[in-house]
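Student: Could you walk me through this one? I have not looked at it before, and I would like to start with the basics.

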Amino acid sequence: MFKYEAMYIIDANVEDEQRKELIEKFNALVVENGGTVTDVDEWGKRHLAYAIDYKTEGYYVLMHFEAAPTFPREFERNLQINDSVLRYLVLRLED
């Protein structure tokens with residue numbers, strides 16, 4: 001099991017309830033694949049450095065988790081196919 005950090009930006013126009021469900025969905029995905037979520041830090045709405053699809057605000061979420069080395073690719077695939085996620089980055093943390 002390796003430690004990972006994922007930052008993803010959700011479209012600011014998504015309703016609060018849908019946003020909470022989306023965050024829970026990504027947390028559940030980690031657990032379903034044998035990992036553990038150690039921390040989820042919601043930074044909230046912030047102004048983007050540059051417009052993405054003509055959107056200037058996004059809801060930032062920082063998540064720390066532990067998972068098998070093959071899992072991040074599946075996690076990135078799920079982030080990529082979700083239309084509400086504007087950008088994402090998954091990094092492996094050093095011990």
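Tutor: Let us begin with the vocabulary: helices (H or I, at least four residues) and strands (E, at least two) are DSSP runs, numbered from the N terminus. This is a predicted model, where local features need pLDDT of at least 70 and side-chain atom pairs count only at pLDDT 80 or more, while totals for chains, interfaces and linings use all residues. Residues are numbered from 1 along each chain as its sequence is written, and side-chain values use heavy atoms, with hydrogens and water left out.

Student: OK, in what order do the four strands of the open sheet come?

Tutor: The order is β2-β3-β1-β4, and the pairing is antiparallel, where two strands count as paired if DSSP finds at least two bridges between them. The edge strands, each pairing on one side only, are β2 (36-52) and β4 (85-92). On average, neighbouring strands of this sheet are turned by 20 degrees against each other, direction ignored; axes are lines fitted to C-alpha atoms, for helices over the stretch in contact, and angles run from 0 to 180 degrees between N-to-C directions.

Student: How many bridges pair β1 with β3?

Tutor: Ten bridges link β1 (residues 2-11) and β3 (residues 55-67), in the antiparallel sense. Lys3 stands opposite Glu66 in β3, and Ile10 has Tyr59 in β3 as its bridge partner.

Student: And how many join β2 to β3?

Tutor: Eleven bridges join these two antiparallel strands, and one pairing to look for is that of His47 with Glu57 in β3.

Student: Changing topic, which strands does helix α1 lie across?

Tutor: Helix α1 (residues 16-32) lies across β1, β2, β3 and β4, and runs at about 25 degrees to β3. Helix α2 (residues 71-81) also packs on the sheet, where it touches β1, β3 and β4 (contact means heavy atoms within 4.5 Å), and its direction makes about 170 degrees with that of β4.

Student: Where does Asp53 lie?

Tutor: Asp53 lies in the loop between β2 and β3, a hairpin with two residues between the strands. Its phi is near 55 degrees, a positive value in a residue other than glycine. Most residues other than glycine have a negative phi.

Student: What about Tyr54, is that residue buried or exposed?

Tutor: Tyr54 is exposed because its relative accessible area is 83%, given that buried means under 20%, exposed over 50% and partly exposed in between (1.4 Å probe, protein chains only). Tyr54 lies in the loop between β2 and β3, with a positive phi near 65 degrees. Asp53 counts as exposed too, at 59% relative accessibility.
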